[in-house]
Amino acid sequence: MTPTRLLAALTTRAKVTAHPRSPHRCPCPCPAGTLADRSDATVVRHADTVVKAHAPTTLPADLAPRLATATRHPDLLLPPLAPAPVALHGRLVTFWPYGTPVDPDDPDAAPWEAAATLLARLHRTPAPPGLPPMRGPAKAAQAVARLQETVPPAAGAPVLRAWSALPAWARGEAPMPDTTTLCHGDLHLGQLVRHPAPDGAWRLIDVDDLGVGVPAWDLARPAAWYACGLLPPDEWTRFLNAYRTAHGPAVPGDGDPWPALDVPARALTVQTAARAVTKAAAENRPLDEIEQSLVDACARMGSVPPQLPSSSAK
């Protein structure tokens, strides 16, 4: 949980930014509250302003070019309200317009086509000089490290076997085979919001993992869900077809996409399973049905070598 002092400061900053002419107006009828409070981010809203405290390990030299990229491409990424972060109680803090998120209670309205089209356009956008690598493999490695630190070896064995079978780049232990393609780094439907203006179109949010790397990683979470039976085939098909229609470079324009997707999808399955096992152990409970399906997928993966495209780094 975020220290009370930081959370109070974020709340004040959000209100002052939303009401620069009357920051101390009380009572205030505006929608406000904490949108997220995790170890890697705390997000507070007031009216049409969102204030985010980034992870304590976030480096200014990494965050600055990511913010600049969002500012430069407001048709793809939600642009920040300010071009640079500020320091607040030892954390880097950024300011954003509030956008309407995907409704988790209306799965039939999930914007799979919009997400895929935005990704394809992002992947075709030249990456600016100085942008760091996208953080997908590093985040997967963090999840596995946390599993190893906190869970008995037997409980995590299927997950760790699947992890060890992946190439080094997918484990964050070697450079990615693609170091030029602009990637989001952590794509899921929670990373889309409707821009408040001018057209209410969908935009990608959360630049913390933005960078250069293997574009198939951005398709890997829905691919993994589909492979694990957690995403219906028609939704996966909608997503994949929309990406191909928008000429996304991560997979071939037709034919079998899995040689390109297999390794990233396995890595995201391992990451999600590692987090699930770690969470269940911390809560001293058995795995639920979805969590068990992820571990079962890891067990199957451990017995079948991944498909490696000819350009893959070993």
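## Strand β5 and its two faces

In strand β5, the residues R91, V93, F95 and P97 point one way while L92, T94 and W96 point the other way, and all of them are buried. The model described here is a predicted one, and burial in this report stands for a relative accessible area under 20%. Because 7 of the 7 residues of β5 are buried by that criterion, the strand is largely enclosed by the rest of the structure. In a regular strand the side chains alternate between the two faces of the sheet.

## The sheet around β5

The sheet is an open one, made of 5 strands in the order β1-β2-β3-β5-β4, with antiparallel pairing. The strands β1 (32-38) and β4 (86-88) stand at its edges, and since each of these has a single partner strand, one side of each is left without a neighbour in the sheet. Neighbouring strands are turned against each other by 25 degrees on average, with direction ignored. Strands of a sheet pair through backbone hydrogen bonds, in either a parallel or an antiparallel manner.

## Strand pairings

On one side, β5 is joined to β3 by 5 bridges, the two strands running antiparallel, and in this pairing A53 stands opposite V93 of β5. With β4, strand β5 pairs over 3 bridges, again in the antiparallel sense, and here L88 stands opposite R91 of β5. The strands β4 and β5 also form a hairpin, with 2 residues between them, and H89 in this turn has a positive phi of about 50 degrees.

Strand β3 (residues 49-54) is in turn joined to β2 (residues 41-46) by 6 bridges, and these two strands run antiparallel. Within the pairing of β2 and β3, V44 stands opposite V51 of β3.

## Helices lying across the sheet

Two helices are described against these strands. Helix α1 (residues 4-18) lies across β1, β2, β3, β4 and β5 (91-97), and runs at about 35 degrees to β2. Helix α2 (residues 60-72) lies across β3 and β5, and its direction makes an angle of about 10 degrees with β5.

## The loop between β3 and α2

T58 has its place in the loop that lies between β3 and α2. A polar atom of the T58 side chain lies 2.9 Å from the backbone oxygen of A55. Leaving aside residues up to four places away in sequence, T58 touches L63, L92 and D208; of these contacts, L92 belongs to β5, where this residue is buried.

Technical notes:
Residues numbered from 1 in each chain as written. Predicted model: local features only at pLDDT ≥ 70, side-chain atom pairs only at ≥ 80, totals over all residues. Heavy atoms only, no water. Pairing = 2+ DSSP bridges. Helix = DSSP H or I, 4+ residues; strand = E, 2+ residues; numbered from the N terminus. Axes fitted to C-alpha atoms, helices over the stretch in contact; angles between N-to-C directions. Contact = heavy atoms within 4.5 Å. Buried < 20%, exposed > 50% of the residue type's maximum accessible area, 1.4 Å probe, protein only. Polar contact = N/O pair within 3.5 Å; in protein donor to acceptor, adjacent residues only side chain to side chain.
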